[in-house]
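Have a look at the sequence and the 3D structure before you read on. This report walks you through some of the features.

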Amino acid sequence: MTTLAILTAAGSGARLGRDLPKALVGLGGIPLVLHAARRLAGSGVVDALVVTAPGGMRDVITHLLTADASVTIPVTVVDGGPTRQASVAAGLAAAGTSHEVVLVHDAARPLVPADLIRRVVGAVRAGHDAVVPGLPVTDTVKQVAPGEDAELVVGTPDRARLRAVQTPQGFTRELLERAHKAGQDRSGSEAVAATDDAGLVEALGEPVHIVRGDPAAAKITTERDLRIAALELED
Ligand code: CTP
Ligand code: MG
């Protein structure tokens, strides 16, 4: 069973607020997308990479990854779409049919440990068709509804049963393709787009399993996240 990873890097990084796309922002002098590609390639369980690039950045990203001695697996760079879901779909379209397992990983999680990547791929290979890494939630989470001058709390889910999920998320290619196709057919009628790929699988009624996540795979959204990741890199 071979594995292809779709590395999503086509976002603009509006919340980071730099004048270049988030995937190209440096962490310790190395762009986030290159950190993530090195970790996927170095895990030993990923055989090929498809990267979704922001508008006009295909050549830059192709050069960055193919010139790097640590990215030892074949890399294809495609244009991303207007949403993360559309970017993953573009990556899937370029993935071909020769890999049985597909990972979807965000360049916004540059310091994902190799162990975590291996845990996800191992669980898919062991027979779980959809696998996501998740961590226990430490904050109490409230569900809210709009209110007059302040939001109204409508519920407090049992924290012990909540997980904050990360990437890479792993799937059999067949299931991920089916989930994206169904997601595209629904789009327009769907009020809220899925924020992760597992959500599309859940919408099919197919099981999704959780493996242990890792705090080091944290997502970089703001400048503060970038500063924390820089500290982790120094350790
Ligand atoms: N992504 C993508 N295509 C899009 C939007 C997002 O490939 N149209 C990717 C991003 O590059 C990122 C991942 O999906 O690696 C998660 O998205 P997010 O953290 O929201 O990144 P951005 O969309 O770039 O950031 P922001 O929402 O602040 O603009
Ligand atoms: Mg975004």
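Below we visit the strands, the core, one helix residue and the ligand.

Keep in mind that this is a predicted model.

**Strand β1**

Let us begin with strand β1, which covers residues 3–8. Since 6 of the 6 residues of β1 are buried, this strand is largely enclosed by the rest of the structure. Its side chains point in two directions: T3, A5 and L7 go one way, while L4, I6 and T8 go the other, and all are buried.

**How the strands pair**

Which strands pair with β1 in the parallel sense? Strand β4 does so over 5 bridges, and strand β6 (residues 101–106) does so over 6 bridges. Strand β4 also pairs in the parallel sense with strand β5 (residues 75–79), over 5 bridges. Here are some residues that stand across from each other in these pairs:

| Residue | Partner |
|---|---|
| A5 | L103 in β6 |
| I6 | V50 in β4 |
| L7 | V51 in β4 |
| T52 | V78 in β5 |

**Strand β4 and its neighbours**

Strand β4 spans residues 48–53 and is mostly covered, with 5 of its 6 residues buried. Together with helix α2 (residues 58–66) and β5, strand β4 makes a right-handed β-α-β unit. To follow this unit on the screen, trace the chain from β4 over helix α2 to β5.

**The nonpolar core**

In soluble globular proteins, nonpolar side chains tend to be buried together. The largest nonpolar core here has 60 residues, and I6, L7, V33 and V51 touch the most other members. Helix α1 (residues 32–42) gives the largest share of this core, 7 residues.

What is V51 in contact with, if its neighbours within four places in sequence are left aside? The list is L7, A9, V33, I61, L65, V75 and V77. One of these, L7, is also the residue that stands opposite V51 in the pairing of strands.

**A residue on the outside**

Now turn to T66, which is found in helix α2. Is T66 buried or exposed? T66 has 11 other C-beta atoms within 10 Å, so this residue is exposed. From T66 to L7 there are 59 residues in sequence, and in space the two are 14 Å apart, C-alpha to C-alpha.

**Around the ligand**

Finally, find ligand 1, which has 22 residues around it. Those that come nearest are A10, G11, A14, R15 and S87. Sorted by class, the shell around ligand 1 holds 7 nonpolar, 10 polar and 5 charged residues.

Note on methods
Residues numbered from 1 in each chain as written. Chains lettered and ligands numbered in written order. Predicted model: local features only at pLDDT ≥ 70, side-chain atom pairs only at ≥ 80, totals over all residues. Buried ≥ 20, exposed ≤ 12 C-beta atoms within 10 Å, placed from the backbone. Helix = DSSP H or I, 4+ residues; strand = E, 2+ residues; numbered from the N terminus. Pairing = 2+ DSSP bridges. Right-handed = clockwise from strand over helix to strand, strands pointing away. Near = placed C-beta within 6 Å. Nonpolar A, V, L, I, M, F, W, Y, C, P; charged D, E, K, R; others polar. Core = buried A, V, L, I, M, F, W, Y, C linked by C-beta atoms within 7 Å. Contact = placed C-beta atoms within 7 Å.
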